[in-house]
Amino acid sequence: MPRQHCRHVGGTVSAAARALAVAVVVLALYAGAAAAIKVNLVSDVHYDPAYATADAYGACTTISALPFGQVGCDSPKSLLAIITNDIMIQRSAYTFFAGDWQRHGMTSTSLTTTDVFTPLSNYFARIVDSCIDTDFNTPRVTTVLGNNDAIPNYFFNITATPQTTLDTQVDVMKEYALLTETQGTVMSKCGYYSGIASAQLRVLALHTLVWTYKLSPALPDTETDPCGQLGWMESEINAARAAGQKVIIIGHIPPQPDVFRVISRGAIGPVEDDMYWKPMYQNAYTTLLSNNKDIIVLQLFGHTHRFAILGDAEMGVPLVVINAITPLYGNVPAYLTGDFDMATWKLKTLRQRYAQTVFIQWNDGLEVGAALGITDLTNVSSINAAVAKMFANDTLFTNYMTLRTGGTISDPCTTTFCRVYTVCAMLYATHDNLARCVRSQTPSSSSSEPTDSRDSTPTPTPDSSIHVDAQPQYHLRPWKNWISNPNGPYRDPVTGKIHLYMQYNPNGPLWGDIAWYHVTSEDYVKWTRPVSPVAMWADRWYDRWGAYSGTMMNNNYGEPVIMYTCTEPENIQRQCIATIPSSDLAGKRTLNTFEKSPLNPLVTEESVPGLVGLENFRDPTEWWQDPANPDQWLIAFVARIADSDGDNAHVILFSTTDPTFQSGYSFSHSLYVYKYSTDKMLESPDFFTLHEGGEHYLKVSNIRSHRDYIVYGSYQADPSTGKYIFAEDSERSFTFIDYGPFYASKTFYDPILNRRMIWGWTNDELSSQQITSKGWSGVQNLVRGMEYDSVEKKLKTYPIPELKGLRLDHLYSRAETDPLVLVDGMPQTLIPAGINITRQHEIIVTFKLSSMEPFNGATYYTDSTAPEFGVMIRANANLSQHTTVSVRMPEATQQPIANRAQDMTWTPIKVYAGASTNAAGNCSAECAKDRTCISWTYTTSPSPTCALYWKTSQRVYNTTAQSGTVNIPMLYMDRTHSGSIGSSQPILGRSPVKQTNPNVVRLHIFVDDSVIEVFKDGGLETMTGSLYLRRGESQTGIAVYTKNMGSVTVTASAEIFSLGSAFTADTDPKLIRSYTNSYYNLLSAMGVAR
């Protein structure tokens, strides 16, 4: 038996007590049937010596920061002290540390690597010295380096000599006996080394940073073995085999996907976006493991801050990702202890230890094998079988989610995709296998439990093998590459020119390398791309990760100023200022080049109290004068804040007294707090009035639903502070701006037309392969006007009248005085397919109904009996393929559907505790009241809960649940028969019978090849959708139809136009005469038109 001497760390005891304790331990050891050894598994400490000072990382920049650490910050010294004490109490014989010693953002401070490594090495030395086992060689610890241990983050030049930062770190670790001289010599070359932990065990400490996509400087594809690490691994494994030793591998960044990033995106992306390691290195590493799985017993990694256990059959060796100590990303500080069989080094048990009560008290968490149903932690097949059960077994999945973030579920899965991808990522390590796993788990009705097939809307999987030839002509986009959020729309009051900027990847059609793309117009109709269309590049240390969304507005001196979110790797979000060069302002005023302020970044994470995660502070609004202090200006951003009520989504305000808007910003207060966001975060806020002195509106973007909505309320002084806040109006619930993927919209005020307008972005519903094949992604929606309807009590958006300038030919006309009379089930063709080859149409159809009784909500319908009227677009000759845009009643029941719960394919809008009486009825009533709600589910287990949904998906069997759908008319786009190779899911949203002129319904539809925009009744409801048709040239037909209207007479009048391109090389002022008379008169007055 080993002679193990563990120091007492809990105070002084008498000699008699010590003797008794030793006797008990000895008896216990000899009573055991098999010898076991206990080890510590620790990762991601991220020690911040500047905690609670102005130089701290994250939100903890004052002495008010919690003494033992808090969410949104890296680890203070006090947290290291208490965790060191807890680890010492475990009396473990060996410690594995999976890297990231240093805090985030080392480059933004005067701290040196010695400031971190010296105190942290001292703590590790205490842990090592607390328990001496003579069966282990010294040092009884293996540590590795993480990406944050490089300065700057992810930077490691494999050809540099010497490696200054690495050499310093190695010297400190040798000083504290964490490395031998031999190990230090090997490690100083490229960051990896090995150790003979005992006669039976060899440990390989890897530097996995060199195998990742994010390594800087990037390696060429010809570099097949950076630093010779793979070859070194093979020789070490061979040496272990010759010596009869087992092998444990430890590194920092794991050979896995970035699970959090993929889940946040909501879809699988390209391999370079999803995976940490480059496939060429991961494949070589996997081959080494597979060929030697008889002696390699375990892989240990960190980096993700979340626990995981992987049983990948191709690797053949179990992989454990260790929890983080730092609480930065909302996790609870946690580590693992493992019991190994000394003879075989097989892992027998694995238990979590986690912090509680503000990190002061430490508790035993779940034992991994028992909690997850894994019968053998060393057997990949056993792990794989247990993990696979998590797709359906809620108990196992809940246990895993509890382990994942440290004894509590701090970021639950709220969608089916989240759960499926999370589980698949513990079954497979490669991108291709993960994608196949996700596809195989797409919800279907094949479950042994009964489902409600009428509500089944399975997640689409676009056929990635089919090339898409989609060419919208009048929606703004570059000829190639990715675009997204509209940025800084601006009408120059001096030249009258309109400037629109947008998020842009200059290097490809997928998201990344975000810069600002620039287009201009004289009239909102014809647009010009400058010769050099990139106005701002991501070219400074503070925005290298991307020049994100921003605003452009005149300061108090009439000079345009840009505020934008500048992001440093890894997605550290701050706010920066740019201006227009003075030579340009005094000259042609092209506004196609920006100058970044030498003061950047101007607003940093240190200024945001309670910020949770450095990636959660972005998207500036316009500036406005502070009503409480006319000498200062306010600007808003979104942020995730840990406040007195928990972890919530905030719209926060900063103020400045600088009339140039270029300096002097300080945190003011929160304008608005939303407590129902499952992401704890909003995006792309706007705070505006439609005219001077008018009502204020708040516009925000919701990440999960990928929709924008309007919040109604009052901008008023807070009685307790005197500062102005936005108080939500409970009588006017939120409304979506658009029921489709209209997102990250930006409003702006046109000082010449004296009106506020809004632009939005629509993304593609295609696979990454298809997007790459067609070469571009994303369009800007048509610019819209904005108006408040005081009768319907909602903001509506509509196509601005200037867009009539896109019209070419008048293809069809049927006057309201001589309308078509529609017959149920007999569509009437207005434009036959193929008669006009254009795929660009503007369609205006006015329906008149003799009665709106079928839509008053008194009658409940099935899908086959629901009344409906609308327009068929993109139809073929016999109408067998078509897309419908209609008003129809939903499939709904008067009584709740028992034993059915909506699955989590779509995230709820709100989830709250159910009422104590008439719970299901109250849940139904809440859904009816909330104008964004389509369906609801009330469950009694594990606790009474009401969930409101913005979209209906499959309902699954659940004996504790009741569900229902609001019985309100819907604006509905049905793509079931479209033939689209993209999504065929319906797009829908509430469209109640309007109070004014209710029997008349107008559908105004813009068709631009793959992009469809719909405006109902002057923009009371709008909808954007996409169609990707393989035979697009033969699907140009347009028809009108009715279904199930009974005795109600429906007539239709219509006007249809073909539309031209939005882009032109010449903007001849003579052509402007044909756009709109009102705009021509304006140009004449300005002396532009002749």
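Here is a quick look at aromatic rings and some unusual backbone spots in this predicted model.

Residues are numbered from 1 along each chain as its sequence is written. Local features need pLDDT of at least 70 and side-chain atom pairs count only at pLDDT 80 or more, while totals for chains, interfaces and linings use all residues; side-chain values use heavy atoms, with hydrogens and water left out.

Let's start with the rings. Phe, Tyr and Trp (its six-membered ring) pair if their centres lie within 6.5 Å; planes under 30 degrees apart are stacked, over 60 edge-to-face, and the rest tilted. That rule gives 53 aromatic pairs. Take Tyr697 and Tyr712: their planes stand at 90° with centres 6.1 Å apart, so this pair is edge-to-face. Tyr697 belongs to strand E31 (residues 696-702) and Tyr712 to strand E32 (residues 707-717), 15 residues apart. Strands here are DSSP runs of at least two residues, and helices (H or I) of at least four, numbered from the N terminus. Elsewhere, one aromatic cluster is made up of Trp624, Tyr672, Phe687, Tyr715, Tyr724 and Phe726.

Now the backbone. Most residues other than glycine have a negative phi, and most peptide bonds are trans. Leu591 and Phe661 have positive phi. Buried means under 20% relative accessible area, exposed over 50%, and partly exposed in between (1.4 Å probe, protein chains only).

| Residue | Phi | Loop between | Relative accessible area |
|---|---|---|---|
| Leu591 | near 55° | helix H15 (582-586) and E24 | 0%, buried |
| Phe661 | near 70° | strand E28 (646-656) and strand E29 (666-674) | 3%, buried |

There are cis peptide bonds too: Thr161 to Pro162 has omega near -5°, and Asn600 to Pro601 about -10°.
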